[in-house]
Amino acid sequence: MEVVYDENPCGGVGTMKLEKILAPAELKDKCSLYARVTLPPGCVLGYHEHHGNSESYFILSGAGEYDDNGVKRPVKAGDSTWTPDGSGHGLSNAAGTEDLVFMALIINS
């Protein structure tokens with residue numbers, strides 16, 4: 001499993017940990033990412049748009065604030081999100097006291 005640390009992800013704040021569950025060989029052309037992602041307290045995955053793919057998050061632990069095309073809502077363990085092609089999103093653990101951990105799946109259109 002490849003582990004990547006991303007500083008200020010998508011223009012956000014802090015360091016995000018990305019544990020890639022499957023490599024490109026397994027994902028082929030259907031998906032571009034399947035990973036467990038950790039946002040430590042204070043970390044923000046900045047708002048970004050998807051073009052040519054869609055993304056889902058499944059929150060495993062912790063809590064944060066999800067930005068769905070500018071509409072912000074709280075998320076916690078057990079919640080899921082969906083960002084279709086042509087839409088944008090972001091996720092913040094700026095106010096958290098524990099890691100926000102989620103699964104991310106990017107499906108190519």
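Cys10 lies in the loop between E1 and E2; strands (E, at least two residues) and helices (H or I, at least four) are DSSP runs, numbered from the N terminus. Its phi is near 50°, a positive value in a residue other than glycine. Cys10 is partly exposed, with a relative accessible area of 43%. Here buried means under 20% relative accessible area, exposed means over 50%, and partly exposed lies in between (1.4 Å probe, protein chains only).

This is a predicted model, in which local features need pLDDT of at least 70, side-chain atom pairs count only at pLDDT 80 or more, and totals for chains, interfaces and linings use all residues. Residues are numbered from 1 along each chain as its sequence is written, and side-chain values use heavy atoms, with hydrogens and water left out.

A second positive phi belongs to Asn69, at about 55°, although Asn69 is not a glycine. Asn69 sits in the loop between E6 and strand E7 (71-76). Its relative accessible area is 41%, so Asn69 counts as partly exposed.

Strand E6 (residues 63-68) holds Asp67. Asp67 is buried yet has no salt bridge. A salt bridge requires a side-chain nitrogen of Lys or Arg within 4 Å of a carboxyl oxygen of Asp or Glu. For Asp67, the nearest side chain of opposite charge is Lys72, 4.5 Å away. In this count Lys and Arg are positive, Asp and Glu are negative, and His and the chain ends are not counted. What does the side chain of Asp67 reach at 2.7 Å? The partner is the backbone nitrogen of Gly70. This is a polar contact: a pair of N or O atoms within 3.5 Å, where within protein one must be able to donate a hydrogen and the other to accept it, and residues adjacent in sequence count only if both atoms are side-chain atoms. Not counting residues up to four places away in sequence, Asp67 touches Tyr47, Lys72, Gly88, His89 and Gly90. Contact means heavy atoms within 4.5 Å.

His89 also touches His50. His50 lies in the loop between strand E4 (44-49) and E5. At 5% relative accessibility, His50 is buried. Its side chain makes a polar contact with the side chain of Asn53 at 2.6 Å. Another joins the side chains of His50 and His48 at 3.4 Å. Beyond four places in sequence, the residues touching His50 include Glu55, Thr83, Pro84, Asp85 and Ile106.

Now to the charged pairs. Side chains of opposite charge can pair when their charged atoms come close. How many salt bridges does the structure hold? There are 3 salt bridges. One joins Glu2 and Lys20, with the closest N and O atoms 3.8 Å apart. Glu2 lies in strand E1 (residues 2-7) and Lys20 in strand E2, so the pair ties together parts that are 18 residues apart in sequence. Glu2 is partly exposed at 47% relative accessibility, and Lys20 is partly exposed at 27%. Glu19 and Arg36 also meet in a salt bridge, 3.3 Å from N to O. Glu19 lies in strand E2 and Arg36 in strand E3 (residues 31-39), so this pair ties together parts that are 17 residues apart in sequence. Glu19 is buried, at 15% relative accessible area, whereas Arg36 is partly exposed at 36%. Asp79 forms a salt bridge with Lys76, the closest N and O atoms being 3.6 Å apart. Lys76 is partly exposed at 49%.

Asp79 is also in contact with Phe58. Phe58 lies in strand E5 (residues 53-61). At 38% relative accessibility, Phe58 counts as partly exposed. Leaving aside neighbours within four places in sequence, other contacts of Phe58 include Gly78, Ser80, Val101, Phe102 and Met103.

The surface comes last. Met1, Val3, Tyr5, Ile21, Leu22 and Tyr34 form a nonpolar patch with about 580 Å² of accessible area together. Patches are made of residues with over 30% relative accessible area and no salt bridge; like charges are joined within 9 Å, and nonpolar side chains (Val, Leu, Ile, Met, Phe, Trp, Tyr) within 5 Å. Accessible areas come from the Shrake-Rupley method with a 1.4 Å probe, and for residues only the protein chains shown count as cover. Within the patch, Tyr5 is found in strand E1 and counts as exposed at 55% relative accessibility. Leaving aside neighbours within four places in sequence, Tyr5 is in contact with Thr15, Met16 and Lys17. Ile21 sits in the loop between strand E2 (15-20) and helix H1 (24-27). At 35% relative accessibility, Ile21 is partly exposed.
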